Amino acid sequence: MTKADVHGNPLLEPWSGPYHVPPFERIVSADFRPAFEAALAEARADVDAIADDPAAPTFENVVGALERSGKSLDKAASVFFNLVGTDADDELEAAERDLAPVLSRHRSATLLNDRLFSRIEALYGQRETLGLKPEEKRLLERTHINFTRAGAGLAPGKKARLAEISERLASLGARFGQNVLADEKSWLMLLDGADLVGLPDFLVSSAARTAAERGHAGRYGITLSRSSIEPFLQFSARRDLREKAWRAWAARGENGGETDNRAIAAEMVKLRAERAKLLGYESFAHFRLADTMAKTPAAALDLLDSVWPPARARAAQEEAALQALAAAEGGNFPIAPWDWRYYAEKKRKSEFDLEEGELKPYLQLDRMIEAAFYVAGRLFGLSFSERFDIPLYNPGARVFEVSRDGAPVALFIGDYLARPEKRSGAWMSDFRTQHRLDGGQLPVIVNVMNFSAGGEGEPTLLSFDDARTLFHEFGHGLHGMLSDVTFPTLAGANVARDFVEFPSQLYEHWLEQPDVLRRYARHYATGEPMPEALIDKLLAARKFNQGFATVEYAASALVDLALHMNPDPENLDVAAAEKAELARIGMPDAIGMRHRTPHFQHIFSGESYSAGYYSYLWSEILDADGFEAFREAGDPFDPATAARLLRHVYAAGDSVEPEAAYAAFRGSSPSPLALLRKRGLDAPPSGDD
């Protein structure tokens, strides 16, 4: 295959460092445009050579060749999109806007290539007689699905319009994410000493550091990073400031001007509906879910509808209890969204004698990282060793070598702390994907989070939700690190959207194991383990506030489906559509959506979760039922159960259907009742508060 011009560009040169990690110390933003130009030319030549091969189509010269094509493009894109999310500067953001449609055109040109698809179609028609290995057959089937879902085989006019739609959607998605980041970066609520009433020391310290970093030494700053604003809403006794902060958080992407996302979201919904119709589907939701475990929007709605009534009933009970607390303190107002977390923290203290400020000193970031590693060692035999000789893209990131029985498995990068140029949220990605082609490739996996750093000279302390997020993303990371397949398309987390959250959500369960907490939840100053009484209270409170948590999540998932089930969203007003859906389901006034439409990056910054935000709940059925396999074995680290989990889930990638993968691990299909039990929604709420 042709090779890109690699002269002088570190993105295109061979990477010779440990695990072939990108040479971050040599990469600058200006490298990306010429790298993509050369890499795209190479990738086009690769595709043309496969499509125009005069030899009869075989698995190796078509599907296998596609898996080996575009290597330079894969390298450049992996670095580029990871840095856009974690270390974006103006030059990178401009390049993202310019490159999004270019890369979409290349993808469409590949997937809609008639000559190439005719060769894939010929193989697909003979798939039962080609003597393929199971993974080869799976890859052929997935390749055929990917091409047909892009429009391969349709009339030329339809294909041309599909390519136009994809290109426009790519541009809009890039702009949507940049607008949210711009709103988050531009907002800072500065506080003085009198404004700190109720705030615990860890938050005061973090806020002082934030203000100093923004040029306001001696004051205190709250940002729209979730790890900053959520504890502020939880602890601040200043109701006026809580309202100001919450309204800013809720209004991201909806402030007018250049960063307003409402028109962008409306156009994206309209274009997605048009694409679905061109492909023969009733709506975009029907198109998206056809290639998932759920299969249909009706199945996803059935799941959401099954949890909505008990969740709303539980939330109503929770709200009444919070209202009583506010009234007892002299509060003559109905509970509002900016009040919920504040009074819920008080309620948790009164009901369980437990408060977040009591837990945080025991949840030091470094110790929680060690805890996640410990669990991986117990379950899968992994060892982690930090490396200090590998340059990374940001000095705040850390890198660990992952091994098993002395043999290398992966390289793991942890990027844990918030910074202004990093997009909000938490995610897993990769710089190199595992595969066994041509000698194979070990994965380089990254976890990205946005924890608020401790004050000067102080450790970073986590909330229990933060620690759960760390375990969640590490579960995703293990899905990439433990991948053991032949083909990159089937590797790691490249699975159905409503299955991909299963390995991550399942991993959260081990954070709550008493053995893990006793070992790693240690006071940052004294080193003393978390007291047994505190562990007991923490575990007893697991189902506290689950009505609220389920309602804020399910409302976002239902709005996502409502937008994308609309078969004709002409002249769509997304704010009005959101309001109408919330009215239809009876959304409590006291609870806000977890993600409002104008900043709902899961569904509009790309398409990963579009019409698919329900996936977290679908996967939660799997994780709740799946962890019961360990309970039934009588040991959260049962070796036989862990071996099945590794073989059929973490190592298998998309080499088998997700339903078959789960059944092979569990021995049966999942029970939805496990989800309701996990959230404490399996029985009607009691009459007490």
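Here are some exercises with worked solutions on the predicted model shown above.

**Exercise 1. The sheet**

Work out the strand order of the open sheet, and find which strands lie at its edges.

*Solution.* Start with the overall layout: 5 strands make up the open sheet, in the order 3-4-5-7-6, with mixed pairing. Strand 3 (382–387) and strand 6 (427–432) pair on one side only, which puts them at the edges. On average, and ignoring direction, neighbouring strands of this sheet are turned by 30° against each other.

Next, take the pairings one at a time. Strand 4 (residues 398–404) runs antiparallel to strand 5 (residues 407–417), with 7 bridges between them. Val399 has Ile413 of strand 5 as its bridge partner. Strand 5 then pairs with strand 7 in the parallel sense, over 6 bridges, and here Leu411 stands opposite Val444 of strand 7. Finally, strand 6 and strand 7 run antiparallel and are joined by 5 bridges; Arg432 has Val444 in strand 7 as its bridge partner.

**Exercise 2. Strand 7 and its surroundings**

Is strand 7 largely enclosed or exposed? Sort its residues by the way they point.

*Solution.* Begin with burial, for which the cut-off is under 20% relative accessible area. Of the 8 residues of strand 7, 8 are buried, so this strand is largely enclosed by the rest of the structure.

Now the directions. In a regular strand the side chains alternate between the two faces of the sheet. In strand 7, Val444, Val446, Val448 and Asn450 point one way, while Ile445, Asn447, Met449 and Phe451 point the other way.

One neighbour to look for is helix 3 (residues 71–86), which lies across strand 5, strand 6 and strand 7 (444–451) and runs at about 150° to strand 6.

**Exercise 3. Two helix pairs**

Classify the packing of helix 4 with helix 7, and that of helix 2 with helix 6.

*Solution.* For the first pair, helix 4 (residues 90–111) and helix 7 (residues 156–186) pack at about 155°, with axes 8 Å apart. Angles over 145 degrees count as roughly antiparallel, and helix 4 and helix 7 are therefore roughly antiparallel to each other. Their crossing is right-handed. Residues in the contact include Glu93, Arg97 and Ser104 of helix 4, and Ala163, Ala170 and Arg175 of helix 7. By class, the contact has 6 nonpolar, 5 polar and 6 charged residues.

For the second pair, the axes of helix 2 (residues 59–68) and helix 6 (residues 134–150) cross at roughly 70° and come within 11 Å. Helix 2 and helix 6 are therefore roughly perpendicular to each other. From helix 2, Phe59, Val63, Leu66 and Glu67 meet Glu136, Leu139, Leu140, Thr143 and Phe147 of helix 6. This contact of helix 2 with helix 6 divides into 6 nonpolar, 1 polar and 2 charged residues.

**Exercise 4. Helix 25 and Arg312**

Find which residues of helix 25 are buried, and which residues Arg312 contacts beyond its sequence neighbours.

*Solution.* In helix 25 (residues 639–650), the buried residues are Thr641, Ala642, Leu645, Leu646, His648, Val649 and Tyr650. Among the elements they pack against are helix 16 (365–380), strand 4 and helix 24 (615–633).

Turn now to Arg312, which belongs to helix 13 (residues 297–328). Arg312 has a relative accessible area of 36%, so it is partly exposed. Setting aside neighbours within four places in sequence, Arg312 contacts Val551, Ile585, Gly586 and Pro588. Glu274 is 38 residues from Arg312 in sequence, and their C-alpha atoms are 34 Å apart.

Methods
Residues numbered from 1 in each chain as written. Predicted model: local features only at pLDDT ≥ 70, side-chain atom pairs only at ≥ 80, totals over all residues. Heavy atoms only, no water. Pairing = 2+ DSSP bridges. Helix = DSSP H or I, 4+ residues; strand = E, 2+ residues; numbered from the N terminus. Axes fitted to C-alpha atoms, helices over the stretch in contact; angles between N-to-C directions. Contact = heavy atoms within 4.5 Å. Buried < 20%, exposed > 50% of the residue type's maximum accessible area, 1.4 Å probe, protein only. Parallel < 35°, antiparallel > 145°, perpendicular 65-115°, else oblique. Left-handed = near helix turned anticlockwise from the far one by under 90°. Nonpolar A, V, L, I, M, F, W, Y, C, P; charged D, E, K, R; others polar.
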